[in-house]
Each structure stands twice: as structure tokens, then as C-alpha cells.
Amino acid sequence: MELRGFVMMGRLKNDQGQLFYSFCLEEVVPDDHLVRGIAAVLDLSWVHAELAPYYPKIGRPSIDPVLMIRMLIIGYVFGIRSERLLCREVKVNMAYRWFCGLSIEDKIPTTRRSRAPATSASATATFSGVCSSTWWRRASRRGWSVARAWRSMPA
């Protein structure tokens, strides 16, 4: 009996084809993704100077406050209300990683308060300053519906 038109079931080969891979997050994030639009108008160059008085000169390094603010922006814009879920989403979503300035190998900060309570509190307190900064006014003028929805979200 001849079987024409039938296709044999394929199997994924589990052998290690390559030892090293070249990967660029810049190429993975679509040009029309919302994070690209936000990044185009977002300027957080003032954050380190503004928060410097709240950090001691000695001790273990904290989580970068710019990273914390960028993660908070992701949470507000995309409606991620849980800190644990936010950390998980930044870990698995390439566009969020790109927006936060993280590489594919960088570890995501945990939500454990014992790790960096000052950073989390400082970044959260500073977040209201981000909302009233230049990028917020530019986004509002451009009529971003997400920016309007963000402003109306309950705290």
C-alpha cells in the first residue's frame, strides 16, 4: 500500500546546536511598541542628582532608582498592579527589558523589601515627580490615550 500525501511526525532535536548566541534586544522590540514611544520622550537624567541626598555614601549598593522608576512606569502604563507580577513581567517580556535598560542576562530586582527598602521608597516617592516632568507634558500634548488613562488610574 502506497501512502501519498501523508507527512511523518517531526521531532524537535534536543541537541545543543550552538554554544554561544548573538542576541540584540533592540532588534526584538517592534518599532511601533508603546515603550518605544515613551522612551523617546522620557528623560530621567535628573534622578540620580535628585535622590543622592537620600542615599548614604557607604553600605551595599542599592537598586538603581532609574530602573525602579522605569519599572513603575511599566506597571502603571500596562496595568500591572502587583510588584511580584511586575518583576515577573519585566523578566519575561523583551520590550519591558529593553525599556528598563536591562540585557537578556541581567537579573531583575526582587520584591523583597529587606533587600532595598530605601530604593523602593525613594523611587516610589519620586514617581510623582516623573508624572509632572517634561515627558508627561509632551505625552499629554501628543494625545496619548495611555497617558490619559494613566493619569486617571487610582493610586
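**Entry 1: helix α5**

I began with the outward side of helix α5, where the face turned away from the buried side carries the exposed residues Arg84, Arg88, Lys91 and Val92. I note here that I am working from a predicted model, and I keep that in mind for every entry below.

I then looked up the other side of this helix, which spans residues 83-92, and found that its buried residues are Leu86, Cys87 and Val90. Looking down the axis of α5, I see these buried residues fall within an arc of 100°, so they line one face of the helix. What do the buried residues of α5 pack against? I found that they pack against two other helices, α4 (65-77) and α6 (94-100).

At the start of α5 I also noted a contact between a side chain and the backbone, in which a side-chain oxygen of serine 82 reaches to within 3.3 Å of the backbone nitrogen of arginine 84.

**Entry 2: the cysteines**

How many disulfides does the structure hold? My search gave zero. Cysteine 87 is in no disulfide, and the nearest cysteine sulfur, which belongs to cysteine 100, is 9.8 Å away. A disulfide needs the two sulfur atoms to be within 2.5 Å, so a pair beyond that cut-off is not counted.

I also checked how much of each cysteine can be reached from outside. Cysteine 87 has a relative accessibility of 15% and counts as buried, because the cut-off for buried is under 20%. Cysteine 100 is buried too, with a relative accessible area of 7%.

**Entry 3: the nonpolar core**

I turned next to the largest nonpolar core, which has 29 residues, and wrote down the members that touch the most other members: Val35, Met71, Ile73, Ile74, Val90, Phe99 and Cys100. The elements that give two or more residues to this core are α2 (34-41), α3, α4, α5 and α6. Which element gives the most to this core? It is α4, with eight residues. As a general reminder to myself, nonpolar side chains tend to be buried together in soluble globular proteins.

I followed valine 35 in particular and, leaving aside its neighbours within four places in sequence, I found it in contact with Val29, Ile74, Phe78, Ala95, Tyr96, Trp98 and Phe99.

**Entry 4: the salt bridges**

A search of the whole structure gave me two salt bridges. In one of them arginine 36 pairs with glutamate 26, and the closest N and O atoms are 2.8 Å apart. This pair links distant parts of the chain, since arginine 36 lies in helix α2 and glutamate 26 in helix α1 (residues 25-28), ten residues apart. Aspartate 31 also forms a salt bridge with arginine 36, with the closest N and O atoms 4.0 Å apart. I therefore record Glu26, Asp31 and Arg36 as linked in a network of salt bridges.

Are the partners buried or exposed? Arginine 36 counts as buried at 14% relative accessibility, glutamate 26 counts as partly exposed at 42%, and aspartate 31 is exposed, with a relative accessible area of 71%.

**Entry 5: serine 62**

My last entry concerns serine 62, whose place is in the loop between α3 (47-51) and α4. This serine 62 is partly exposed, with a relative accessible area of 37%. I also compared its position with that of proline 109, which is 47 residues apart from serine 62 along the chain, and found their C-alpha atoms separated by 10.0 Å.

Definitions and conventions. Residues numbered from 1 in each chain as written. Predicted model: local features only at pLDDT ≥ 70, side-chain atom pairs only at ≥ 80, totals over all residues. Heavy atoms only, no water. Buried < 20%, exposed > 50% of the residue type's maximum accessible area, 1.4 Å probe, protein only. Helix = DSSP H or I, 4+ residues; strand = E, 2+ residues; numbered from the N terminus. Arc of directions from axis to C-beta. Contact = heavy atoms within 4.5 Å. Polar contact = N/O pair within 3.5 Å; in protein donor to acceptor, adjacent residues only side chain to side chain. Core = buried A, V, L, I, M, F, W, Y, C linked by side-chain atoms within 4.5 Å. Salt bridge = Lys/Arg side-chain N within 4 Å of Asp/Glu carboxyl O.
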